[in-house]
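Colleague: Could you take me through one part of this model in detail, the metal site, and then place a few other residues for orientation?

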Amino acid sequence: MSEQKKLREELLLNGKNGYDRVSPEELTDINGYCENYKDFLNHGRTERECVETAIAQAEAAGFRAYEPGQSLRPGERVYWNNRGKALMLAVIGQETLEKGVVIGAAHIDSPRLDLKPRPVTEDSGLCTLKTHYYGGIRKYQWVSIPLLLTGVVERADGTQVKVSIGRDPGDPVLTIPDLLPHLADKQSHKPLFQGIEGEQLNLLIGSKPLPDDDGSDRVKLAVLKLLNEKYGITEADFISAELCAVPAFDAVDVGLDRSMIGAYGQDDRVCGYAALAALLELGTPRRTCIAMLADKEEIGSIGVSGMESQAFDTFVARLCAAQGVELRDCYEKSFCLSTDVTVAYDPNFAEVFDKSNASFLNQGVGLCKYTGSRGKSGSSDASAELVGQVRRTLDKAGVIWQMAELGKVDEGGGGTVAMFMANRNIDTIDAGTPVLAMHSPFEVTSKLDCYMTYKAMKAVFEA
Ligand code: MN
Ligand code: MN
C-alpha cells in the first residue's frame with residue numbers, strides 16, 4: 001500500500017456504501033429482517049395497532065403483562081400496556097437496577113388524518129367525513145390516494161367496537177378527490193402549503209341515497225345505516241371515537257434491485273420495530289433492557305401516552321421497587337438510545353442539505369449528536385463522552401453507521417423524544433434510520449439501514 005493510500009485510510013472518515021461492507025450472510029439477514037418489518041408495518045398503521053401487534057409478538061417470545069408488586073428475577077420478560085396506545089417492555093438483567101437500565105425509545109404514532117367528533121356531512125349528494133390532521137403533514141400529499149379507516153368507537157352503552165374499512169382485500173377504500181388541472185389555475189398559483197387547506201381534507205365515504213325516503217341528507221342516512229348494520233354505531237357515537245384515516249396501500253419493495261422499502265408510517269415504526277425485535281431476542285442481558293414504544297411524538301410527546309407522561313417513570317419505579325432501588329439512582333446510571341428517523345440526502349432537493357453532514361441511504365443507521373432547530377433549540381445535545389461511548393459500542397458490534405444532521409443550519413429542523421429522556425437525568429443520544437419523503441404517505445428507507453438500526457439497538461442492549 002502506498003504511503004498516500006495508507007494516510008487516506010488512517011486519517012479520512014470512511015463514507016463507503018454499506019453494500020461494499022456487508023458480508024453475503026448479512027445480506028440474507030437483511031432481507032429476512034425486512035420482510036418481518038414490512039409485515040409489522042402492514043399490521044400496525046396506528047399506535048393502537050402497533051401496541052396490539054407488539055404484544056402478540058412479545059407474548060409469543062415469552063413476555064407477560066407485568067403485575068405491580070411481582071418479584072423480578074434476571075431473565076424475566078415483562079411488558080406494560082399504557083392504555084392501548086404506548087408500550088413498555090423489559091428484560092430483567094443480571095445486575096440490579098441500581099446499575100441503571102438500557103432503554104431503546106421510539107415512537108409508534110405517525111402523521112395521519114383523524115376524524116372530527118362530528119364528522120359525517122352531506123353536500124350535493126356526497127357524504128364525507130371531516131378530519132383534523134394529526135402531526136406535521138404536507139396536506140397536498142393526502143388527496144387522491146386510497147385511504148383506509150381504522151380505530152375504535154366507544155358506544156353510548158359503554159361497549160367498544162373496532163372499525164376497519166379498506167384494510168382487507170376487496171374492501172372499499174376512502175379518498176379525498178383533488179381538483180382537476182383544468183380548473184386548478186388559481187389553486188396552482190397558491191403557495192404549496194395553501195394548495196389544500198385543512199378544512200378540505202374531507203373523506204369521501206358514499207354517494208348512494210337511501211331509497212323510498214323524501215327527507216334531507218339521504219346519502220348521509222344511507223351511510224349511517226351501513227355503519228350501524230356493520231358496527232352497531234350511531235352518529236352520536238363518533239363523539240367518543242378515535243378513527244384514523246391512513247394510506248390503504250401495503251409496504252412494498254422499491255427499486256428494481258429491491259434495495260428499498262416504500263410504506264406509510266416508517267417514521268418511526270422503523271425504529272420501533274428495531275427496538276422491539278432486538279429486545280425480543282435478548283437472553284439475560286447484563287443490565288435490564290427496556291424497549292419504549294411511545295405515542296404522541298408527532299404532536300409534542302405530551303399527554304398520558306406521550307414520552308413526557310409519568311407512565312414511563314411509574315413503570316421503571318415499579319421495576320426498581322421490586323429490587324429495593326430508588327428510581328433516581330437507577331436513572332442516573334441509565335442510558336437511552338432515542339431511536340427516531342433522520343432525513344436521507346436527496347439529490348433532488350440538494351439545496352436543503354449540508355452534504356458533508358448529511359446521512360445517505362445505504363450508509364447505515366444515522367447517529368445524531370443533536371436535533372432541534374434555530375441553534376439546536378429543543379434538542380438534547382449528547383456529550384462528546386457519550387458519543388464516544390456509543391461509537392465504540394457500534395464499531396465493536398460491526399454496525400454500519402454514519403453521522404446525521406437534519407438539513408442545513410437554519411433550514412428547518414425537528415425534535416425527538418431524546419430531550420424528555422435526558423430531562424429525567426438519563427444519558428441520551430439520538431440515532432435512527434435515514435428516510436426519503438419523511439411524513440409523506442409513502443416514505444422510503446433502505447433495507448440495509450433498517451437492519452443496521454436493529455443491529456445498533458441490539459448492540460446497545462447487549463453492551
Ligand atoms: Mn419521528
Ligand atoms: Mn415525525
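Modeller: What follows describes the metal site and then some residues elsewhere in the chain. Please keep in mind that this is a predicted model. The manganese ion (ligand 2) takes its protein donors from Asp267 (OD), Glu298 (OE), Glu298 (OE) and His439 (NE2), and these atoms lie 2.1 to 2.6 Å from the ion. Along the chain, the donors of this manganese ion (ligand 2) follow the spacing D-x30-E-x140-H. A distance of 3.3 Å separates the manganese ion (ligand 2) from the manganese ion (ligand 1), and Asp267 coordinates both. The pair Glu298 and His439 links distant parts of the chain, the two being 141 residues apart: Glu298 sits in the loop between strand S13 (288-294) and helix H8 (311-322), while His439 sits in the loop between strand S21 (434-435) and strand S22 (443-446). Both Glu298 and His439 are buried.

Turning to the surface, a patch of negative charge is formed where Glu98, Glu326, Asp329 and Glu332 gather. One of these residues, Asp329, belongs to helix H9 (residues 327-332), and it counts as partly exposed because its relative accessibility is 33%, which falls between the limits of 20% for buried and 50% for exposed.

Leu147, for its part, is placed in strand S7 (residues 147-154), and it is buried because its relative accessible area is 0%, where buried means under 20%. Measuring from C-alpha to C-alpha, Leu147 and Val325 are 48 Å apart in space, with their positions 178 residues apart in sequence.

Key: Residues numbered from 1 in each chain as written. Chains lettered and ligands numbered in written order. Predicted model: local features only at pLDDT ≥ 70, side-chain atom pairs only at ≥ 80, totals over all residues. Heavy atoms only, no water. Donors = N, O, S within 2.8 Å, 3.2 Å for Na, K, Ca; no water. Helix = DSSP H or I, 4+ residues; strand = E, 2+ residues; numbered from the N terminus. Buried < 20%, exposed > 50% of the residue type's maximum accessible area, 1.4 Å probe, protein only. Patch = residues over 30% accessible without salt bridge, like charges linked within 9 Å, V, L, I, M, F, W, Y side chains within 5 Å. Areas by Shrake-Rupley, 256 points an atom, 1.4 Å probe, with all protein chains shown as cover. Salt bridge = Lys/Arg side-chain N within 4 Å of Asp/Glu carboxyl O. Lys, Arg positive; Asp, Glu negative; His and termini not counted. Charge placed at Lys NZ, Arg CZ, Asp CG, Glu CD.
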